[in-house]
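Student: I should like to understand how the terms used for a protein model are justified. Could we take them in turn, setting each value against its definition?

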Amino acid sequence: MDNHKVETLSTVKLQHSSELYKIVDTLNRTLKDDDLMFGLALDDKNEEQAIFTIYRT
């Protein structure tokens with residue numbers, strides 16, 4: 001069993017844009033070998049805002 005933890009390094013809310021996923025995809029492809037992962041989600045309370053999160057894997 002793998003005890004590998006994912007650590008949240010930073011989270012920020014920003015104005016949602018349909019193109020944000022391109023930045024997240026590029027960051028994930030470029031920095032995965034540096035044990036970094038990036039996430040993007042819509043805010044549950046306000047769909048005009050997105051939540052961008054940086055993780056260490």
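Tutor: We begin with secondary structure: helices (H or I, at least four residues) and strands (E, at least two) are DSSP runs, numbered from the N terminus. On that basis the chain has one helix and three strands, and the order from the N terminus is β-α-β-β. The model is predicted; local features need pLDDT of at least 70, side-chain atom pairs count only at pLDDT 80 or more, and totals for chains, interfaces and linings use all residues. Residues are numbered from 1 along each chain as its sequence is written, and side-chain values use heavy atoms, with hydrogens and water left out.

Student: What makes strand 2 and strand 3 a pair?

Tutor: Two strands pair if DSSP finds at least two bridges between them. Strand 2 (residues 36–42) and strand 3 (residues 49–56) have seven bridges, in the antiparallel sense, so they satisfy the requirement of at least two. Leu-36 stands opposite Arg-56, and Ala-41 stands opposite Ile-51. A hairpin of six residues joins strand 2 to strand 3.

Student: How do you know that strand 1 pairs with strand 3?

Tutor: Eight bridges join these two antiparallel strands, and the rule asks for at least two, so they pair. One of the partnerships is that of Val-12 with Phe-52 in strand 3.

Student: Why is Asp-43 called buried?

Tutor: Buried means under 20% relative accessible area, exposed over 50%, and partly exposed in between, with a 1.4 Å probe and protein chains only. Asp-43 has a relative accessible area of 7%, so it is buried. Asp-43 lies in the loop between strand 2 and strand 3. In the chain as a whole, buried residues make up 14% of the 57 residues.

Student: Which residues does Asp-43 touch, not counting residues up to four places away in sequence?

Tutor: They are Lys-13, Gln-49, Ala-50 and Ile-51, where contact means heavy atoms within 4.5 Å. For the chain, residues 24 or more positions apart account for 52% of the contacts with a separation of 6 or more.

Student: What makes Asp-43 and Lys-13 a salt bridge?

Tutor: A salt bridge is a side-chain nitrogen of Lys or Arg within 4 Å of a carboxyl oxygen of Asp or Glu. The closest N and O atoms of Asp-43 and Lys-13 are 2.9 Å apart, and the pair forms a salt bridge. Asp-43 lies in the loop between strand 2 and strand 3 and Lys-13 in strand 1 (residues 7–15), so the salt bridge ties together parts that are 30 residues apart in sequence. In general, side chains of opposite charge can pair when their charged atoms come close.

Student: How many salt bridges does this rule give?

Tutor: The count is three. Lys-22 and Glu-19 meet at 3.1 Å, N to O, and Arg-29 and Asp-25 meet at 2.9 Å, N to O. Arg-29 and Asp-25 both lie in helix 1 (residues 20–31), four residues apart, about one turn of the helix.

Student: Are the residues of the helix 1 salt bridge, Arg-29 and Asp-25, exposed or partly exposed?

Tutor: Arg-29 has a relative accessible area of 61% and is therefore exposed. Asp-25 has 35% and is therefore partly exposed. Lys-22, at 39%, is partly exposed, and Glu-19, at 44%, is partly exposed.

Student: How many aromatic pairs does a search of the whole structure find, and why is the pair of Phe-38 and Phe-52 called stacked?

Tutor: The search finds one aromatic pair. Rings of Phe, Tyr and Trp (its six-membered ring) pair if their centres lie within 6.5 Å; planes under 30 degrees apart count as stacked, over 60 as edge-to-face and the rest as tilted. The ring centres of Phe-38 and Phe-52 are 6.0 Å apart and their planes are at 15°, so the pair is stacked. The pair links distant parts of the chain, with Phe-38 in strand 2 and Phe-52 in strand 3, 14 residues apart.

Student: Are Phe-38 and Phe-52 buried or exposed?

Tutor: Phe-38 is buried, since its relative accessible area is 8%. Phe-52, at 18%, is buried.
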